[in-house]
Amino acid sequence: MHGRCKHIDVRFHFLRDLTKDGVVKMVHCPTQEQVADIMTKPLKLDAFLKMHDLLGVCLDPEFFFSLAFPLLHLISKSHLLLYIHLHSPSSSGMSSSDKPEVVEKEVKEKDHKEEDKDEEKGGFIDKVKDFIHDIGEKIEGAIGFGKPTADVAAIHVPHIDLKKLDIVVDVLVTNPNPIPIPLIDINYLIESDGRKLISGLIPDAGTIHAHGSETVKIPVSLIYDDIKDTYDDIKPGSIIPYRFKVDLIVDVPIFGRLTLPLEKTGEIPIPYKPDVDLEKIRFERFSFEETVAVLHLKLENKNNFDLGLNALECEIWLSDVSIGNAQLGVPTKLDKNGIGFVDIPITFRPKDCGSALWDMIRGRGTGYTIKGDIDVDSPFGPMKLPISREGGTTRLKKNKEDGEEEDDDDEVC
């Protein structure tokens, strides 16, 4: 062999020769038995306790008791020490460190060796698990390990109109662990009678602080046109039930990745704009320079829920001439599927109305248009709804005497 290659014999053939001569025996060590893993990587509780036992490290009862100190009102120190004493390997007269493994030239079959070892050790891992189970979830909180909890705290409706409904769902997440945990994903679904209305995914939703609670907000927008195009039986003005489902995916040390499922039910509206009509115009003061009048409007609520009318602002046209803007003076209530009346004061200059006013004075019908918005309160939150009336006709009539029947025509008194 060339002198420059003599190192190959040392590096690659030394162990082979020792194995061939029977000096050593090479045995495969699976990942589950790599004791060094406890020093090099994070492990789950089962693997950690197993590596801890293979190292021959004894459990100090006093240390374990200090971890459980917040639970003194549930268990006494003597009970805890007795439990550990009875369930630790040292109680049988031999600890893990008293039984070092000896590498023999001839090794028995690996499976039989592991079974004998587990029986001899008395299942120390299972005993530790039993102890944690005995004192319940509170001991997990005391030693710093615990599963986070979540609950739907509230559902808000910050905005609603004829086009869409905005919903914000407040989810309260509590982290009992001594380190922050990441909220990896939020999967949500809103359905009605088993039919999907909307679903979505919110990735990287934040972090829950150690030993704290955080309110996670889930914003959702329901587009009414999409719902009505998909489901023909959902009509404007109706109320439909909904079921909100959400899965919070968190990453917790020891436990790994967990899914926290939540569910909440309720009702959402499909709003419909009210119908508006001009019943009559009553003149308080009339002159060609400035006229003060009161518009008597009829509003029909076509929704299956009550509306509290807080504000109304509209513009009035006679023929094609705008005579001005009008605003609601006194709030009123519109019952569901009911009719209400409101009086709207308005001031305008008749001389600017042109022939439309003269046609009305001569008794000829004059077309009018009303366009505006109303601000209402509903059981689901405040709304801003449009109102409009085009193609109406009004004419000047004398005041009705007592006992005289009134017709259904729009009139000016």
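Here are legends for a few views of this predicted model.

**View 1. The chain as a whole, in eleven helices and 16 strands.** There are 413 residues here, and buried ones make up 33% of them. The accessible surface adds up to about 24,700 Å², with carbon and sulfur atoms supplying 52% of that. Take the contacts with a separation of 6 or more, and 64% of them link residues 24 or more positions apart.

**View 2. Ser192, tucked into strand E3.** The strand covers residues 181-192, and Ser192 is part of it. Ser192 has a relative accessible area of 1%, which means that it counts as buried, the cut-off being under 20%. A polar atom of the Ser192 side chain sits 2.6 Å from the backbone oxygen of Pro241. Leaving aside residues up to four places away in sequence, Ser192 touches Pro241 along with Leu197, Ile240 and Tyr242.

**View 3. The largest nonpolar core, with its 66 residues.** Ile218, Leu248 and Leu295 are the members that touch the most other members. As for strands, E6 (residues 239-252) gives the most to this core, putting in seven residues. As a rule, nonpolar side chains in soluble globular proteins tend to be buried together.

**View 4. Zooming in on Ile218 and what it touches.** Again skipping residues up to four places away in sequence, Ile218 touches Ile167, Val168, Val169 and Val171. Its contacts also include Ile186, Tyr188 and Ile202. Phe244 and Val246 complete the list for Ile218.

How values were computed
Residues are numbered from 1 along each chain as its sequence is written. This is a predicted model: local features need pLDDT of at least 70, side-chain atom pairs count only at pLDDT 80 or more; totals for chains, interfaces and linings use all residues. Side-chain values use heavy atoms; hydrogens and water are left out. Helices (H or I, at least four residues) and strands (E, at least two) are DSSP runs, numbered from the N terminus. Buried means under 20% relative accessible area, exposed over 50%, partly exposed in between (1.4 Å probe, protein chains only). A polar contact is a pair of N or O atoms within 3.5 Å; within protein, one must be able to donate a hydrogen and the other to accept it, and residues adjacent in sequence count only if both atoms are side-chain atoms. Contact means heavy atoms within 4.5 Å. Accessible areas come from the Shrake-Rupley method with a 1.4 Å probe; for residues, only the protein chains shown count as cover. A nonpolar core is a set of buried Ala, Val, Leu, Ile, Met, Phe, Trp, Tyr and Cys residues joined through side-chain atoms within 4.5 Å.
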